[in-house]
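The exercises below concern the surroundings of a ligand and the contact between two domains. Please work through each task with the structure in view before reading its solution.

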Amino acid sequence: MENIKKDVVIIGGGAAGLMCAAEAGKRGRSVLVIEHAEKTGKKILISGGGRCNFTNKSVSSENFISRNPHFCKSALAGFTPDDFIALVEQYNISYHEKTLGQLFCDGSSRQIAAMLESECKDANVQIFLNCSVNELNKKVNFELKTSHGNVTAGSVVIASGGISIPKMGATDFGYKIAKQFDIALTEIRPGLVPLTFSSEERNSFSELSGISIESIVTFNKTSFRENILFTHKGLSGPAILQISNYCETGKPVFINLLPDNNLAEIFTEQLKNKPAPKIELTNFISNYFPKRFAEVFCKKYFEIKPLNQYSQKDLIYISGKFHKWEIIPSGTEGFDKAEVTLGGIDTNELSSKTMESKKVKGLYFIGEVVDVTGWLGGYNFQWAWASGVAAGKFV
Ligand SMILES: Cc1cc2nc3c(=O)[nH]c(=O)nc-3n(C[C@H](O)[C@H](O)[C@H](O)COP(=O)(O)OP(=O)(O)OC[C@H]3O[C@@H](n4cnc5c(N)ncnc54)[C@H](O)[C@@H]3O)c2cc1C
């Protein structure tokens, strides 16, 4: 068994941990990354559908959810999307903007993982794979008992991520360490996660699985305009994943299924025609939506008849259903399907400049384990990079 001394030990070799390791290593610090999986950066590899949406061209604190919305500002200003893009370009990794400022690799997420590994190698970072930490105590220094032996370090960085997708190796290690050192946590819950229908809606809409519709999805005062996607269990797609970060159980989500049109006005125009149109509602609605959706949606909510047989009140009701479809999700698909974990280490416990614990000197928390969660679109990686660099400059 080894008995190792390091300046810095980083627990978790994911996005934030590797970035922090490279930054600290470049400063001449001796750094060890402890990763319990068989390889580093597993979430990077599966991210962005295999192409890693590694950042977003426009990032501000408004793209993040945290009990303290100002906390992320300092780290985000200290390492910007342009800084990460410069690194990507230095490695000749070609990329493109997909939509809404979201930058993806042209090739593969593997290029980003390899880039970070190479940065760590150049900075003489040592990495233990398949290594578990059995105990972490603080005396003068931190003392770790690991499956690879005992390690002593002046600084310890917790970069073990959230608990979303446990089958990818996610654990609650960071939260346990917080509890051990009496560091407060905010409530955690699944984020960027599909919503589930009640059993009644599930029976009505499960046959629409696979259909996607550009919509504006709103919860309270927060709205996102992107696609929604019907699934066997409920709704997913980017607009739903975004709003899932804000939803509260038992409260309604409103969906404008036809954001570029005003159906009430369209009906009024149609009914001005002489003779009045006799086209059936479902066929008329099919002009705006996939046919299968029009059939199922109209059958569920309306009495189907020719357009000219509806009263004005009926048409306003019909229009309202499409422009303000109300659903009360029964829940979410949970941590198994969530891209991120909302909540985590209470930011009041940390320095926003260095990510160091205010209570325990030398103990740092970075990345998703902290109560800072980004929107869909490259924001979560930007937080991982930026918080990793912030800590890497001080450890
Ligand atoms: C399917 C999917 C797709 C995603 N796509 C994107 C995207 O395109 N763009 C984007 O911005 N965000 C994306 N995300 C979110 C993003 O992956 C995370 O927010 C980001 O990886 C968080 O970085 P992190 O370093 O804090 O945690 P992680 O990357 O999760 O790294 C934590 C590391 O710690 C290790 N670990 C855990 N427990 C222990 C322990 N006890 N001992 C030792 N090691 C441990 C883990 O194995 C892991 O390697 C996606 C997430 C998922 C699940």
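A polar contact is a pair of N or O atoms within 3.5 Å; within protein, one must be able to donate a hydrogen and the other to accept it, and residues adjacent in sequence count only if both atoms are side-chain atoms. The model is predicted, so local features need pLDDT of at least 70 and side-chain atom pairs pLDDT 80 or more, while totals for chains, interfaces and linings use all residues. Residues are numbered from 1 along each chain as its sequence is written, and side-chain values use heavy atoms, without hydrogens and water.

**Exercise 1.** State which polar contacts the ligand makes with Glu 368, Asn 53 and Gly 48.

*Solution.* Begin with the side chain of Glu 368: one of its N or O atoms lies 2.8 Å from an oxygen atom of the ligand. Next, a polar backbone atom of Asn 53 is 2.9 Å from a ligand nitrogen. Finally, a backbone N or O atom of Gly 48 is 3.1 Å from a ligand oxygen. The protein buries 92% of the 1,000 Å² that the ligand exposes when taken alone (Shrake-Rupley method, 1.4 Å probe).

**Exercise 2.** Determine how many residues surround the ligand and which helix gives the most to this shell.

*Solution.* Count the residues with a heavy atom within 4 Å of the ligand: there are 30, and Glu 368 is one of the closest. Then sort them into 12 nonpolar, 14 polar and four charged residues. Helix H13 gives the most, four residues.

**Exercise 3.** Describe the contact between domain 1 and domain 2.

*Solution.* First, the domain assignment gives domain 1 as 2–190 + 342–392 and domain 2 as 194–333. Their contact (heavy atoms within 4.5 Å) takes 10 residues from each domain.

Definitions and conventions
Helix = DSSP H or I, 4+ residues; strand = E, 2+ residues; numbered from the N terminus. Nonpolar A, V, L, I, M, F, W, Y, C, P; charged D, E, K, R; others polar. Domains from an automatic or database assignment.
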